[in-house]
Amino acid sequence: MKQLVANPIDRLGELKQRYFPGLCVAVTIGIAATFLSQRYGAPAMLMGLLLGLAFNFLSDEPRVVPGIELAAKTLLRLGVALLGLRITFSDVLTLGWPPLLMVCSAVLLTIGFGILMARLLGFSNRFGTLTGGSVAICGASAAMAISSVLPQTEQTKKDTLFTVISVTTLSTLAMVLYPMISHELGLTPAEAGLFLGGTIHDVAQVVGAGYSVSSEVGDLSTFVKLLRVAMLVPIVLVIGVVVRRAMASRGEVGGGSVGVPGFLIGFVVLFTLNSLGWMPQVIVEPMADSASWLLLTAIAALGVRTSLKEILTVGIKPVLLVVSETLFIVLLVLGFITLS
């Protein structure tokens, strides 16, 4: 009986010894990134990534590696699942069909454009899907979610880090420039909300840009952005199915039966429960906020795992790809606003 009682305790001690050092590193970097973000107004995701890259030397430390891997994978998936608490069915239906049509069309067409441009520039379809999806949906969070259903190779890791850096940088620039563009174009508050929410990559930058114009524009742009976030589940699921089938047709490892990723199921369940009002609001907000913390910790861990030297060797073509995708979605959304 004593042995049966002691085993779980011993097991807990083993898990703590195995994962705590690496998790502690990732969480500490996340806290530092949050401080820098609040103190200087820089994007927390970008700060977490850059600080993580600065601690890449820890990736060779055996005591740290298991916890870093856990943060980069498990915490990432948990954070994506909790994003389901940030939007409800009623939110999706509030604006009516035209904005929904715009969001769905913009997301699908931007991903398609990314794949086409990737081919023209000599990259794989997977890289075009990764960059196009991150630009089309929700920046760094989408890049990490899409990456999780792609083959886990060194190239995938490198592509993901590049995508996170590039879309976060462009999103920060957009937060400053796009409100001025909307003013110069003479957009109404409703049109400005559609423009900012439909084009800026990351949620935080959409909030910053929208509320820098007005509260009305801020509310609308944030809502439109969350509609794009809602596209994350079906898009990632379809990408996972296509990738696995392609791998299976080539006889590659991991190309067997297609399963639904657990974090996508979690996203849908939480989205549904929150929409039906079956979750106490007293816990919804803290859980939704924790998604940002989990994703920040995951991106910090991803930075620790990757050498900055590898990222700096990407060349000009990948940058051209992400910039072209960014310009494409801008022109697409402006075209929709003009025609509507």
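1. A good place to begin is helix 14, which gives the most to the lining of the largest pocket, with 5 residues. Helices here are DSSP runs (H or I, at least four residues), numbered from the N terminus. Please keep in mind that this is a predicted model, where local features need pLDDT of at least 70 and side-chain atom pairs count only at pLDDT 80 or more, while totals for chains, interfaces and linings use all residues. Residues are numbered from 1 along each chain as its sequence is written, and side-chain values use heavy atoms, with hydrogens and water left out.

2. Now to the pocket as a whole: the largest one holds about 600 Å³ of space. Its lining has 25 residues, and Ala-44, Met-45, Arg-86, Ala-204 and Ser-292 lie nearest its centre. Among the elements giving two or more residues to this lining are helix 1 (2–40), helix 2 and helix 8 (154–184).

3. Helix 2 (residues 44–54) also packs against helix 14 (residues 281–305), at an angle of about 30° and with the axes 6 Å apart. That makes helix 2 roughly parallel to helix 14 (angles under 35 degrees count as such).

4. Who makes this contact (heavy atoms within 4.5 Å)? From helix 2 come Ala-44, Met-45, Gly-48, Leu-49, Gly-52 and Leu-53, and from helix 14 come Leu-295, Leu-296, Ile-299, Ala-300, Gly-303 and Val-304. These residues divide into 9 nonpolar, 3 polar and no charged, with Gly counted as polar.

Definitions and conventions: Axes fitted to C-alpha atoms, helices over the stretch in contact; angles between N-to-C directions. Parallel < 35°, antiparallel > 145°, perpendicular 65-115°, else oblique. Contact = heavy atoms within 4.5 Å. 1 Å grid on protein atoms, 1.4 Å probe; cavity = no way out; pocket = protein on both sides within 12 Å on 5 of 7 lines; lining within 4 Å. Points joined across faces, edges and corners; volume = space filled by probe spheres on them.
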